[in-house]
Amino acid sequence: MKQFAKRCLSAVPVFFGITLLVFFMMNMAPATIADAAGEGEASSAARAALEAELGFDQPIPLRYLHWLGDLLQGDLGTSYRTGQSVGRMIGQRMGPSLLLTGTGILWAVLLGVPLGVLAAWKPHSGWSRLAGGLTLFSFSAPGFFLSLLGICLFSVKLGWLPAAGMYSSGTGGSLPDLLRHLLLPGAVVCLGSMGNLIRQTQSAVGEVLGEDYIRTARAKGLGEGAVVWKHAFRNALIPVLTTVLNHIPHFIGGSMVVERVFGWPGMGSLLFTSVNSRDYTVIMGVTVVVALSVLGMSLLMDVVYRLVDPGVDWGGEGP
């Protein structure tokens, strides 16, 4: 427990370092929300007045301290673009991102992990060739390409699935309509995540299958199913869990490219719009949420490792 507390404390300066770096890099950009709002027509005096009203005339370190003080009080600020609370905007977008990326990654786990195990068990079979093909396709095809390909094929050519949005207009937000809109972007997220899961699972299980205790289990007459799933897969869980848990922060941050192409109202789409409009408070709010989720997953990994293998210490090394 003491080591876990130390890990939590060590995450604090990392979090503030992330926010400091993002804040300074963002505020070093040559344009501000005043330029975006004016679209080149507002006078220099009007832009200067707007920048003074928003606090852009103050030094960057002082502005960071003001933002940090508000953050420590639980206030993420107000959007320059919409005038709404940043916390409220993020709360509205988090649910769709959780639904989209959570569904896609769940499909990737349900399909990729068993396929990786089968490919390691039968290295020269059709399962292995299928795993290799999907892995290559997953790593080589960018998300925007998969999104446009899916829209072209299933929406434009075949007309089976909608091309954009979370609901169709006039449906009242029904569950069947939501599932139809979710299927295509969820499949793109699944394909983008599946390659890494297949590769890590196949590598981990293949390595374990060469161990002496696996040969001993087979010599004792255990069936192949018990050897592969009960012994080999169980002892290969740590690298597989690492890969799965590393995808969890995407639940919060969303898949920005996929959400943008499909018009999905999630966190990734919100971040894209905020960057494009120089809405710095929203960018920092999303940064805070994503940084906390990544650091939280790092601590969760330590806990999961200890549950799977008590011999692993909190520092990630063996005893």
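**Aromatic rings in this chain**

Reader: What is the relative accessible area of Phe16?
Author: Phe16 counts as partly exposed, because its value lies between the limits for buried (under 20% relative accessible area) and exposed (over 50%), with a 1.4 Å probe and protein chains only. This is a predicted model, where local features need pLDDT of at least 70, side-chain atom pairs need 80 or more, and totals for chains, interfaces and linings use all residues. Residues are numbered from 1 along each chain as its sequence is written, and side-chain values use heavy atoms, without hydrogens or water. For Phe16, the relative accessible area is 27%.

Reader: How many aromatic pairs are there, and what kind do Phe15 and Phe16 make?
Author: Rings of Phe, Tyr and Trp (its six-membered ring) pair if their centres lie within 6.5 Å; planes under 30 degrees apart are stacked, over 60 edge-to-face, the rest tilted. That rule gives six aromatic pairs. In Phe15 and Phe16, the centres are 5.3 Å apart and the planes sit at 65 degrees, so the pair is edge-to-face.

Reader: Is Phe15 buried or exposed?
Author: Check its relative accessibility, which is 10%. That's under the 20% limit, so Phe15 is buried.

Reader: How many residues apart are Phe23 and Trp67?
Author: Phe23 and Trp67 make a tilted pair, 6.2 Å centre to centre with 35 degrees between the planes. Phe23 sits in helix 1 (residues 2-27) and Trp67 in helix 4 (residues 60-72); helices here are DSSP runs (H or I, at least four residues), numbered from the N terminus. The pair links distant parts of the chain, and the gap is 44 residues.

Reader: Which residues form one aromatic cluster?
Author: Two members are buried: Phe23 at 6% relative accessible area and Trp67 at 9%. The full cluster is Phe23, Phe24, Tyr64 and Trp67.

Conventions
Helices (H or I, at least four residues) and strands (E, at least two) are DSSP runs, numbered from the N terminus.
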